[in-house]
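Please work through the following exercises with the coordinates open in a viewer. Each task is followed by a solution in steps.

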Amino acid sequence: MAGPNDLEEMQREDVGGFRDLLRRYRTPLVAIATVTLFCLVGYAIMQLTDEVRYDDVVEALAEMSLSSILLAMFFTALSFLALVFYDINAIDYIGKRLPFPYVALTAFSAYAVGNTAGFGALSGGAIRYRAYTRLGLSPEDIGRVIAFVTLSFGLGLAAVAAISLLVIAGEIAPLISFSSFWLRVIAGTILAILGILVVLGRDGRIIEIGPATLRLPDSRTWSRQFLVTAFDIAASASVLYVLLPQTAIGWPVFLAVYAIAIGLGVLSHVPAGLGVFETVIIASLGSAVNIDAVLGSLVLYRLIYHVLPLLIAILAVSATELRRFVDHPTASSLRRIGGRLMPQLLSALALLLGGMLIFSSVTPTPDQNLELLSDYLPLPIVEGAHFLSSLFGLALVVAARGLGQRLDGAWWVAVLSALAALTLSLLKAVALVEAALLAFLIFGLFVSRRLFTRHASLLNQAMTASWLMAISVIVVGAVVILLFVYREVEYSNELWWQFEFAAEAPRGLRALLGITIISLAISIFSLLRPATFKPEPADEDAVRRAVDIVDKQDSADANLVRMGDKSIMFSEKGDAFIMYGRQGRSWIALFDPIGDHHAVQELVWRFVEAARAAGCRAVFYQISPSLLSHCADAGLRAFKLGELAVADLRTFEMKGGKWANLRQTASRAQREGLSFEVILAEGVTSIFDDLSAVSSAWLEDHNTREKGFSLGAFKPDYVMSQPVGVLRKDGRIVAFANILVTETKFEATIDLMRFSPDAPKGAMDFLFVQIMEHLKAEGYKYFNLGMAPLSGMSKRETAPVWDRIGRNVFEHGERFYNFKGLRAFKSKFLPHWQPRYLAVSGAGNPMIALMDVTFLIGGGLKGVVRK
């Protein structure tokens, strides 16, 4: 019988297991919750608009004055001007300077995509990573920019809404059937909390709230950003306000309602707050304004504030593409940034137009257009065009994900679908606006054709939970629109078989059925992914092919592929590869892709997609800054690991005061009878037993065992594949290091460094110096001394949490690892320090990924515990 302690332990295990389950399936659970919420929102809209008819909404749209539309465009321009200053203030906050045109184009594009799509796969943050890495910002800096923008908008929105509520609670209370007293209490509480944050952060202070660490902006930054946010919200609220009919509701009251609606839309996680924002506006204004007029205004608001900026952003980037032969440096730089932005912009537009085609398939065609079609086209053509255009809309939604990933297959699907949909839009309803927007998408696709160079099948790209959520939201939205438009039509089975020009409801039902069936098929195909499998280490033939590539490139570290303990993924042409291993749920690639640089982008994407298909996270370990832009394209987040020490052999000389200590060490070693020799690979066999004795003694003395993955192990084939530098004393080998080289002689490095317990003090320093002098004499340019973990982490208070943790571990973690000592040892050789990064796919936890790397190097948990 279990005792109380046993029961408590079982409860803790159950809770822990439940938390692990939630953590593991967080993304699909959030997606399911979002779709469920959207269904509830759809139901609420149907109830709120119970007495509204579709014809009334169309009539309200037709009565909209040109002056109101122009005013709405003017306020949209003001709002996006304010949004640009979010990024400018953020970049100034982190102490950087970037040219205004570059920041303006990036920020405008980021908000155009973020406002329209609104979910992670097409977020504005991804666009900033793509553009700002091109402009020289580090991943840490970009992360701080995104955090600043997100936090400042959230706090500014809360402040604007609270101030509005506090001032005009008496006017808002009747609109939402809530007590004005409690509205003022809520507003006052929010303002008090914000005031405390401002006081605490007046000098840029760092505060800790539970596990989260937050560096608050100083008073000057906070004040400036609050003004920008307030101006932005006021301008964007005015866009919708001028589109509404004249009412007794004043602009201050409306501003408060608008701020609340925007906030709830953001919190809902529904793409672009679709439906949630409209529900709040309708519920708040329905008693004071005709709901049909409100619906018409909301449709125009979405078009002007969401669609129009996206079209302008694509047009601006297209202009940089069309002027790609201009020699002016600014034009050239803008074109390069535009190349980073265009795939995401076109992806968002394809998603938007796909949704438009689906929604238009469940709405009636204007009577005059139907009469025109009936005079020239037979009914089967119109019926077929109506049904097929909705399916091509779904094809555009599916292609949108591939466009964001630069797939050439997605480009072809998008072009062909848009061309077909353009033709069908004219045949089904003479929909000129729809056709014009599709023509604009085709124009953007053709202008940017050179950017879609990834040869990959669109059918092999399993849709992620976020994209399945987006498709589900679109399908549910189509259902809500169909029920709203044809709410007076009594449903019967005969509707499915009615084929007449005037039979709009049956036509919409059939289109919706087709969309639903194909969407379910896509979802099932994506969810039935291949089972997780463990990649096998490469066979001898694959290792031999990889070694041939290694010999012809510059990275000496790439020789670790000779260990044969890693899997290898080759490029399509076989001229480059990624070496990787698997630990837990992480696929871990070691270093940058090796080989032809033209294959790098393809390999990064293939690796990420293969890891995802296996149900794992993709991790890149010890990558250089040059790979960060490709990782950002593939949706990976980068975290600094440390710094790589690289000595310039061309300027290496043991002269001058800087080298005095090493000269003394070398002289002492020679006096103690140490001699140095380099044994070429073909001669290592004759001394292998002596090297083995030194290695075994070193392992025993250090109470450790062989490592793997990013470190070599003492294996015969590996040790005998490259030259070895040895130190002898009285003719006996007392220390050695294997030297990793390539045929280009650009760089060399060492891996295994082992010495006998009785080797003279300073033997390793002497060995390093002798190897460097030998390599210089052989014509090598650089000597790679390896990475110093956690070295070079930022000391600034504005640094990300990852950097601050890393810096503290570096400063105070000597009992676990000799961080400072390792950097100090390598600093003796006066190297240049180059940053190295860890990149993790999606929202993966970098600590879990780094733990998996540690286990992979150490041979599992047991190996790490036993050193």
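The exercises below concern a predicted model and proceed from the whole chain to single strands, helices and residues.

**Exercise 1. The chain as a whole**

Task: State how many helices and strands the protein chain has, and what percentage of its residues are buried.

Solution.
Step 1. The protein chain contains 30 helices and 13 strands.
Step 2. Of its 867 residues, 54% are buried.
Step 3. Contacts can also be sorted by sequence separation: among those between residues at least 6 apart, 75% join residues at least 24 apart.

**Exercise 2. Nonpolar cores**

Task: Identify the residues that touch the most other members of the largest nonpolar core, and the helix that supplies its largest share.

Solution.
Step 1. The largest nonpolar core has 138 residues, and within it Ile-281 and Leu-441 touch the most other members.
Step 2. Helix H12, residues 291-322, contributes the largest share of this core with 14 residues.
Step 3. There is also a second, separate core of 51 residues, including Val-543, Leu-560, Leu-590 and Ala-713.

**Exercise 3. Two helices and their lengths**

Task: Compare the expected span of helix H20 with the distance between its end C-alpha atoms, and repeat the check for helix H5.

Solution.
Step 1. Helix H20 covers residues 540-551; because the rise is 1.5 Å a residue, its 12 residues should span 16 Å. The end C-alpha atoms of H20 are 16 Å apart, in agreement with that value.
Step 2. For helix H5, residues 100-116, the 17 residues should span 24 Å at 1.5 Å a residue, and the end C-alpha atoms are indeed 24 Å apart.
Step 3. Burial is considered next. In H5, 14 of the 17 residues are buried, so this helix is largely enclosed by the rest of the structure.
Step 4. In H20 the buried residues are Ala-542, Val-543, Ala-546, Val-547, Ile-549, Val-550 and Asp-551. Their cover includes strands S3 (567-570), S4 (576-583) and S5 (586-595).

**Exercise 4. The open sheet**

Task: Give the strand order of the open sheet of 11 strands and explain why one side of S3 and of S8 is left without a neighbour in the sheet.

Solution.
Step 1. The order is S3-S4-S5-S6-S13-S7-S12-S11-S10-S9-S8, and the pairing is mixed.
Step 2. S3 and strand S8 (674-679) lie at the edges; each has a single partner strand, so one side of each lacks a neighbour in the sheet.
Step 3. On average, neighbouring strands are turned by 30° against each other, direction ignored.
Step 4. Helix H24 (residues 684-701) packs on the sheet, where it touches S8, S9, S10 and S11. The direction of H24 makes about 100° with that of S10.
Step 5. Elsewhere in the sheet, strands S7 (residues 636-648) and S13 (residues 832-841) pair in the antiparallel sense over 10 bridges. One bridge partner to locate is Trp-833 in S13, which pairs with Ala-645.

**Exercise 5. Strand S11 and its partners**

Task: Determine whether S11 runs parallel or antiparallel to S10, and parallel or antiparallel to S12.

Solution.
Step 1. S10 and S11 run antiparallel and are joined by 5 bridges; Leu-740 has Thr-749 in S11 as its bridge partner.
Step 2. The hairpin of these two strands has 6 residues between them, and Lys-745 there takes a positive phi near 55°.
Step 3. S11 and strand S12 (residues 782-789) run parallel and are joined by 3 bridges. Ala-748 stands opposite Phe-783 in S12.
Step 4. S11, H26 and S12 together make a right-handed β-α-β unit.
Step 5. S11 is mostly covered, with 7 of its 9 residues buried.

**Exercise 6. Two single residues**

Task: Classify Asp-765 and Phe-746 as buried, partly exposed or exposed, and list their contacts beyond four places in sequence.

Solution.
Step 1. Asp-765 is in helix H26, residues 763-777. Its relative accessibility is 10%, below the 20% limit, so Asp-765 counts as buried.
Step 2. Beyond its sequence neighbours, Asp-765 is in contact with Leu-662, Thr-665, Phe-825, Lys-828 and Phe-829.
Step 3. Phe-746 belongs to the loop between S10 and S11. With a relative accessible area of 30%, Phe-746 is partly exposed.
Step 4. Phe-746 touches Asp-554, Lys-781 and Tyr-782. Phe-746 and Tyr-782 are 36 residues apart along the chain, while their C-alpha atoms are separated by 6.3 Å.

Key:
Residues are numbered from 1 along each chain as its sequence is written. This is a predicted model: local features need pLDDT of at least 70, side-chain atom pairs count only at pLDDT 80 or more; totals for chains, interfaces and linings use all residues. Side-chain values use heavy atoms; hydrogens and water are left out. A nonpolar core is a set of buried Ala, Val, Leu, Ile, Met, Phe, Trp, Tyr and Cys residues joined through side-chain atoms within 4.5 Å. Buried means under 20% relative accessible area, exposed over 50%, partly exposed in between (1.4 Å probe, protein chains only). Helices (H or I, at least four residues) and strands (E, at least two) are DSSP runs, numbered from the N terminus. The expected span of a helix is 1.5 Å times one less than its number of residues. Contact means heavy atoms within 4.5 Å. Two strands pair if DSSP finds at least two bridges between them. Axes are lines fitted to C-alpha atoms, for helices over the stretch in contact, and angles run from 0 to 180 degrees between N-to-C directions. A crossover is right-handed if, with the strands pointing away from the viewer, the path from the first strand over the helix to the second runs clockwise.
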